[in-house]
Structure formats: structure tokens, C-alpha cells
Amino acid sequence: MDSGDGYEVKDLSLADQGRKNLDWAESQMGALLKVRERFEQEKPLEGMRIGVALHPTKETGALVRTLRAGGAELAVCACNPLSTQDDVAAALADEGVNIWAYKGETRDDYYRYLTNVCESEPNYTLDDGCDLVSEIHNNHSHLVDSIVAGAEETTTGIIRLRAMEEDNALKYPMMAVNDLKTKHLFDNYLGTGQSTIDGILRASSILFAGKNVAVAGYGPCGSGIAVRAEGMGANVIVTEVEPIRALQAVTDGYRVMPMNDAVREADVIITVTGGKHVINKEHFSAMKDGAILANSGHFDIEIDLAGLEDVATKKETIRTAFDRYTLPSGKHVYVCGEGRLVNLAAAEGHPSIVMAQSFCGQALAAEYAVKHKDELKVGVNEIPEEIDTHIAELQLEALGVQKDTLTTEQREYLSSWQEGT
Ligand SMILES: NC(=O)c1ccc[n+]([C@@H]2O[C@H](COP(=O)([O-])OP(=O)(O)OC[C@H]3O[C@@H](n4cnc5c(N)ncnc54)[C@H](O)[C@@H]3O)[C@@H](O)[C@H]2O)c1
């Protein structure tokens, strides 16, 4: 480990490779670079100390550079022990960013790094999964009064924040970045869809065509995974608990059934619900020999791995991010990426172009929160629709796509009721 004042990373000598990866990511993040250009001129984040707990990937590196261009000082750690790209962390440390992160962090290091971020006394927080907010509320509550606002990147984090708000436990305003349409309709659907399959392929190197692939949860993430698995020739099964989502899966052409039945048929099972023990201890013995399990939901509790370790007679790591468990019957079950977000544990997370949109949301939410701090409620704040529309426009511009605009006649027609048959 290389550590010094304000950083702890795996190996600083990886910085050159990290810069190359960052530059490659930025070459596909034109929308975010537009925001950065403006931030460089206007410095809207001057005076902000932003505590960041995100997946330290090359795309997050591009966001870090953008927030710094806006005038903010940053302290960065990971929001998952397996999601750091060590070369990127080295490049950021080399650029003078305060960063503590490496791939494969121990639980102690994970919380030590969160503590380092808290000790930088942030007045804005940027979270993916709410661990930083929880840490501040539980162990650094003296910071709360000086925090202008925070932002949350993922569905599970928003669910936790709303639960805190309901219990009157949330003590500063939060910006619901995940709920922007330009975020969850693209990042969760397209990003998770592609990168989850990428992670499973890198871990296992299997052929998807002809496999029975069960996807648990048919939200934006699950529906994205289902459509990509189908596109690769898999027979997709969906499990759901919510009637409308289950019906959507049926009418999208997938077989929907309870997990108790799906485990008997599936060659690959992917959880992406945000819930707990979706695959439970009883399911393992009913699985096909050779079944491959992966999770793309935020926390590593969707597959009951403790239950699997209990029933298994043997566990071997047979490839990077690919463990084989032997059951008493002699059957094998494989787990990708230790049951943690497979797209980050076994691959590189979402494609950069998708993250450009999500991170425009983060940068613009921070700017909005600073400008409107007196209007924000202590609770979960929706981000104004104009920001969503602006992000879509930035991305269309970056893609070189032009669209139509309404004529005056059309606009008047659409806002009137007199004209009929
Ligand atoms: N891998 C990634 O990079 C990535 C990216 C974005 C979001 N996420 C995470 O993925 C998860 C899903 O995100 P989303 O936006 O699709 O959320 P969502 O809440 O919109 O969808 C989750 C779906 O799972 C269903 N579900 C809940 N419990 C279930 C169970 N026991 N069995 C079957 N279905 C169940 C819910 O009814 C819901 O339809 C969250 O944890 C989110 O934070 C991961």
C-alpha cells in the first residue's frame, strides 16, 4: 500500500495507467466536460468541501476533476470494498486529490477511510448507498449543522434516506440524484444491463446463448439485465414481488415465476432487487449442478452467502472473482464477485457515456444545492425537472443529435382543450 498525507492507495506507480484510463473515459463523457468547462469559468462550488463515497472508477475520476474545476475541495473513499480501480485511485492521488481507496478493502479499512472523509469536515456529501450519511449521523453528528446538503446516487440509498426521513432521523437536506430521469432510466437500465453481463462474463467466461437466466427484480436495473441477456440468446426468467412489475415482465415476453421454481431451472441467477436473502439457504440444494450466481443490487446480502458457506462442504476460488462451492450432494454452485455488485467487482462498472449523464446530475445537483441552500428541506429533495432536461440536451449535443421543437401552433394546441373532432 502507498500512503502519505491525504491518501492511501494500492500503488502510486499505477498513476500513468490511471491517467490513460481517465482520459479514455473522458473522451466519451462530452456532456460532463461541457459542465466542467462552465464550472472552470464560474466556480460555483468555491468554498465547498465535498466528502465523496462513490465507486472510485475512471468515470468517478472524471466527476472528481469536474467538482474540483468548480472550486470544491474533495475527500474521496469507496462505497464498496471491491469497486476501486487502483490505477485511477493512484492517478487521482497523484493529482493531489485526498483519496483513500483500494480494491479488496478490509472492513476495517473501509470504515477507516469513511472516517477519514468525515474528518475532512465536509460541508456537502456525495454518496452511493448512504454509508457516508449513516456514518456522519451515527458517529460524526457534530458535522450535521455545517453540512449544506448531500446527494445520493443509487436506489438503495434513496430508500434508506426516505426511511431515515420517515423516522425523523435525517438531519440535513439530500438531493435525490438517482431519481432524475436522465439517471435511473439510463444508468440503472442501460448501465447495469450491460455491465452486469460484462461482470458475469469476465468472471465465468460462459456462453449466454441457450442458457436459462433468472433475473430477480424487474426495476430499471433488472429489466435492463433481462433485455441484454435475451439479446445474447438466453431464455430469461423473471422473479418479482410487485404485481405491476411482474406484469410488465410477462408482457415483455419473459416467464415469471417464484424463486423456488426458478432455482430449479436456472443456469444463471442474477439478483438486483435492493432486498435481502432473495436467494436463501433453502434454495441452494434445489439448484442445478453448475448454477452460477451473481448479484448486481447495492449490498452483498441479496444472496445468503453465509447460508451457502454453512451448507457447503468446500469453497475454492477457481478464477478471479469466481468461487466454487461444493454442496453435500456433490453438486457445485458458483458465485461471481463474492456476491457484491458484479459489474464493479468483476468488471469496470457502467460504460463512461452512461456515467456522463449520471455525473452531470451529481455536478448540477451540487451547484443547485449551493445556490438554493435556504430553500432545501431537511429530507429528500427532488431535483428540478429543468436540470433533467438540461442534462438530456447536453448529452444530445455531445452525441451530435438534433431533435424537433414544437411550432407555436402545436404548443398552443397541446395546452388547449377547445379543438376536437
Ligand atoms: N449494479 C449497479 O451498478 C447498480 C446501478 C444502479 C442501481 N443498483 C442497485 O440495484 C438495485 C435495484 O435498483 P432498481 O433501480 O432497479 O430498483 P427498484 O427498486 O426500482 O427495483 C427493484 C425491484 O425488485 C423487486 N423486488 C424486491 N424484493 C424482491 C424479491 N425478494 N424478489 C423479487 N423481486 C423483488 C421490487 O418489487 C422492484 O420491482 C438497488 O439496490 C440499486 O441500488 C445497482
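Here is a short chat about the ligand site in this predicted model.

Student: Which domains does the ligand lie between?
Tutor: Let's look at who gives residues to the shell around the ligand. Both domains do, so the ligand lies between them: domain 1 (2-183 + 350-399) and domain 2 (191-345).

Student: Which helices each supply at least two residues of that shell?
Tutor: The shell around the ligand counts 25 residues, and Thr155 is among those that come nearest. Thr155 also falls at the start of one of the helices you want, given its range of 155-166. The full set is helix H7 (155-166), helix H8 (181-204) and helix H9 (220-231).

Student: How many residues of the shell are polar?
Tutor: Sort the shell by class, and you get 7 nonpolar and 3 charged residues. The remaining class is the polar one, with 15.

Student: What percentage of the ligand's accessible area does the protein cover?
Tutor: Start with the contacts: a side-chain N or O atom of Asn188 is 3.0 Å from a ligand oxygen, and a backbone N or O atom of His298 is also 3.0 Å from a ligand oxygen. On its own, the ligand has 860 Å² of accessible area, and the protein covers 85%.

Notes:
Residues numbered from 1 in each chain as written. Predicted model: local features only at pLDDT ≥ 70, side-chain atom pairs only at ≥ 80, totals over all residues. Heavy atoms only, no water. Near = heavy atom within 4 Å. Polar contact = N/O pair within 3.5 Å; in protein donor to acceptor, adjacent residues only side chain to side chain. Areas by Shrake-Rupley, 256 points an atom, 1.4 Å probe, with all protein chains shown as cover. Helix = DSSP H or I, 4+ residues; strand = E, 2+ residues; numbered from the N terminus. Nonpolar A, V, L, I, M, F, W, Y, C, P; charged D, E, K, R; others polar. Domains from an automatic or database assignment.
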